[in-house]
Amino acid sequence: MSDFAIEAHGLTKRFGATLALDHLDLVVEAGEVFGLLGPNGAGKTTAIRLLLGLARASEGSIRVFGIDVAANPVRAHRRLAYVPGEVSLWPGLTGHDCLELMMSLSGRGDKAYRSELVDRFHLDPTRKIRTLSKGNRQKVALIAALASRADLLVFDEPTSGLDPLMEREFRVAVQEATQRGQTILLSSHILSEVDALCSKVALLQNGKLIEVATLDAMRAIASVRVDLEFEGPAPDLAAVPGIKVMEQRDGHVSLQVSGGTQALMAALRSTTVTSLLSREASLEELFFARYGPGATPP
Amino acid sequence: MTRAAFATFRQGLNRSVMGGVMVGLVAGLMVASVAGSYNTLYPTAQSREDLSIIFGANHAVSALFGRATSLNSLGGFTNFKLGTTITITIALWALLLATRLLRGEEDAGRADWLVMSDQSRRDVLMAQMASMVTGIVAMVVVTGIIVMAIGREASVGFSASSAWYFALSLGATAMLFALVGVLSSQFFAPRHRASRAGGIVLGVAYGIRMVGDASAATAWVSWLSPLGWIESLNPFVTTRPFGFIPIACLSLVLAAVALLSVTQRDVGAGFFEERAPRHVRQPPRNLVGLFVRLEGVTISSWFIALGVTALLFGFVAKSAGTVVANSSIAQVLKRLGIAASGMNTYLSIAFLITSVLLCLFATITMAGFSDEELSGRLDLVATSPTPRAKLLMQRSILVALAVLIGSLLAGMVVSLGVMCGGGHAAVFTMIEAGLVSASPALCLLGLITLIAAIRPRWAKAAGPTLVMASFVIEVAAGIGTSAHGLLPLSVFHWMATVPAGSFDLASTAALIAIGVGAGLVGVWIFPRRDLQTR
Ligand SMILES: Nc1ncnc2c1ncn2[C@@H]1O[C@H](COP(=O)(O)OP(=O)(O)OP(=O)(O)O)[C@@H](O)[C@H]1O
Ligand SMILES: [Mg+2]
């Protein structure tokens, strides 16, 4: 058996003239919580649909636990469960009907855990899907996937409709799944969630993978946020290599420092610093540094 | 009209006008086929006399089809033959159009932004009603033009004014039942409940009219039913413009009530909440269970419609057959070597109608698969360890089974109907005829399976289009136009004409083989393409 939960090689998808995914190479190790990040239209959903075999790759291949998805979708599907970004279920069925149906179809699942999740997510399973709110419909799909105890859980923006309490419950459930050794692939726009859950993230843009790293490594490579207070007017630090001035007024400067702080320290030698505050960049800052206005392409 | 109101009006327009044109076309063609066949079926004055004696005095027949007046004239015959069928068809179309435009949009959440714009709820409703009225006008115009054109034929000879009077009577029917739909959409949510409530109103109106037409003593009862008012318009026989007055008055009242009540309820809700199910149903545990759960009610409704149609045709078969037997058509058939009794000739037509219903049922139910796909619901099923080919094949086989059961049912019910009507038909032959009538439906089922596999977006429209096209070819060829050459393109052309003719293994097998072949190609293709969503 392969050690990798997901292996994509040169994965490419074209929709007519649109290149939705451009030679993606990606490896997700078993047991990881892996985040897919990127702006709207970056190709996250496309990558997930190729992974699930719902769409066929124009080029390249993707394997789930060593199983080629295109050649052997049924074997791959035995190992995974999926929650789409926009959950659409049968309006005339109740939540319980849907949960029961999906458990029977997947041929596996933990009924006790399912009823525990129903309680924890405050879902009323006797109500028809038609009468459920968006977040509650999403809960049905989430509970079905989590209760399947599948080796690989694939979530496409799973919490976009959940309230903060339920989102926290979702994080707990994901941690439980990781402890059991399940692998999780998660696309999200909620960076705090990715920050809290994921051990590794991949950044996508225009269908291309622009970066993949553990969050720690990414923070180390990326930048440190430094806030400085000076006695008197602040010196001009914009020319120092590896430094980006985020904000400057009177005696205060906010900097983003990448690639080590030696150059900054050297530049500060002749100044009087009254206060220095340094902290790791949040994922949000990383995201803005990558994609925001004035971002430097890697 | 404000910009926003105009946008609302435009939104519903496509559906209503397309539907209006289609329904107008069907109504026009039905008149064409009936008027065209009158002279062939009943060429002599004697046969027309027989016709009016046999049907004119039969209470059961007039309860079902309405009072038969002046059957010895072409207009009276057309009106009797079609009046009830067309009225019910038009009423159902208008009802479903109204619930689709009003309740359907609200169920989908698309009505919210309309209400959020600068228009009031009443403006929105007015604009929606305006697009329905435009669709109804389109239906009236298309019907009027077709019937006027047929009327020009020397053998038919309807005046232009009677053609337009007929078209207007259909328009009044549509208007009335569209407003019933508008009102039931105010009272009930979601759409299927609104449609059902409207359907019950239509059913009750028909029931009352049946009582009224059953005997002379109860004739006054007809006046309690709007369908009785519509019947009394009696197109092609008389011209009574005053007959429209009660229909118009009731329409105005319904519209007023709808406009008053629309502001009294929440957007997306009706006045009457859906009550909780009395008993908890077992959850579906596999795809067959899911199919039964999703389509069960629809399938039973189709079966009921099929059963009622079969019963009616069986019931009048003996009387109709007597007339056909007395007419010269039987002599002509005999010369052609078809020693069919009049009743069997008539029953063959009944099984053709059964077949049209089965075709519509099969194609519409199969297209439901594409709806599952486009709505994104199939994504969840398709990521379970079930081969994707199996998903399509299973649905196709289940629909095929339902078609076969329906056709078997039709055969048995026809023979029951014949028995009730005092005639005699061999049960085995009727069942055989029923099963044969399934062959075009199985053929189309395969074709729709293929279309669903390739282009899910086309699947929904493809079925009714294929059935309509075949039907149009049959009718056009039947009234002796040059469409004869197109006959091989019609699925119904290849259906064996049991019981009038004999069972034809080759053509039946060919129909089924085409269906199975197309279906298998579809099942092969389907897992090899991307799933699509709206
Ligand atoms: N069925 C399709 N037909 C044509 N183009 C498509 C189709 N599906 C996706 N695309 C295109 O592919 C690109 C990637 O889309 P995708 O849905 O994967 O983005 P995403 O990263 O999931 O975005 P979001 O964050 O908005 O969900 C987009 O440019 C999109 O327009
Ligand atoms: Mg997406």
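Which helix of chain B does Leu520(B) lie in? In this predicted model, Leu520(B) belongs to helix H19 of chain B. With a relative accessibility of 49%, Leu520(B) is classed as partly exposed, because exposed residues have to be over 50%. Leu520(B) also takes part in a nonpolar patch on the surface, which covers about 810 Å². Among the other members of this patch are Met393(B), Ile397(B), Leu401(B), Leu435(B), Ile512(B) and Val516(B). Two elements of chain B each put two or more residues into the patch, namely helix H15 (388-420) and helix H19 (505-525). The top contributor is H15(B), with six residues.

Stepping back to chain B as a whole, the secondary structure is easy to sum up: 19 helices and zero strands. Chain B runs to 534 residues, and 53% of them count as buried. About 23100 Å² of chain B is exposed, with 70% of that area supplied by carbon and sulfur atoms. As for how the chain folds back on itself, take the contacts between residues at least 6 apart in sequence: 77% of those in chain B join residues at least 24 apart.

Chain A comes with a domain assignment, which splits it into domain 1 (4-218) and domain 2 (223-280). Going by C-alpha atoms, the centres of these two domains of chain A sit 41 Å apart.

Next comes the inside of the structure. The largest nonpolar core is made of 143 residues. Leu89(A), Phe155(A), Phe170(A) and Val403(B) have the most contacts within this core. Leu89(A) is a handy one to follow: once its neighbours within four places in sequence are set aside, its contacts in chain A are Cys98(A), Met102(A), Ile129(A), Arg137(A) and Val140(A). Leu89(A) also touches Arg377(B) and Leu380(B) in chain B. A second core, separate from that one, has 67 residues, including Tyr38(B), Leu74(B), Met132(B) and Trp229(B).

Charged residues pair up as well, with 23 salt bridges counted over all chains. One of them joins the side chains of Arg293(B) and Asp97(A), at 2.9 Å from N to O. This pair crosses between chains: Arg293(B) is in helix H11 (residues 287-326) of chain B, and Asp97(A) is in helix H3 (residues 95-106) of chain A. Arg293(B) and Asp97(A) are both buried.

Helix H11 of chain B shows up again in a salt bridge between Arg395(B) and Glu295(B), whose closest N and O atoms are 3.2 Å apart. Here the link is between distant parts of the chain, with Arg395(B) in helix H15 and Glu295(B) in helix H11, 100 residues apart. Both Arg395(B) and Glu295(B) are buried.

Another salt bridge brings together the side chains of Glu373(B) and Arg529(B), at 2.7 Å from N to O. These two are 156 residues apart: Glu373(B) is in helix H13 (residues 342-374) of chain B, while Arg529(B) is in the segment after H19. Why do Glu373(B) and Arg529(B) count as buried? Buried means under 20% relative accessible area, and Glu373(B) has a value of 1%, while Arg529(B) has 10%.

Finally, some charged side chains form a wider group. Glu100(A), Lys111(A), Arg114(A) and Arg285(B) are linked in a network of salt bridges.

Technical notes. Residues numbered from 1 in each chain as written. Chains lettered and ligands numbered in written order. Predicted model: local features only at pLDDT ≥ 70, side-chain atom pairs only at ≥ 80, totals over all residues. Heavy atoms only, no water. Core = buried A, V, L, I, M, F, W, Y, C linked by side-chain atoms within 4.5 Å. Buried < 20%, exposed > 50% of the residue type's maximum accessible area, 1.4 Å probe, protein only. Contact = heavy atoms within 4.5 Å. Domains from an automatic or database assignment. Patch = residues over 30% accessible without salt bridge, like charges linked within 9 Å, V, L, I, M, F, W, Y side chains within 5 Å. Areas by Shrake-Rupley, 256 points an atom, 1.4 Å probe, with all protein chains shown as cover. Salt bridge = Lys/Arg side-chain N within 4 Å of Asp/Glu carboxyl O. Helix = DSSP H or I, 4+ residues; strand = E, 2+ residues; numbered from the N terminus.
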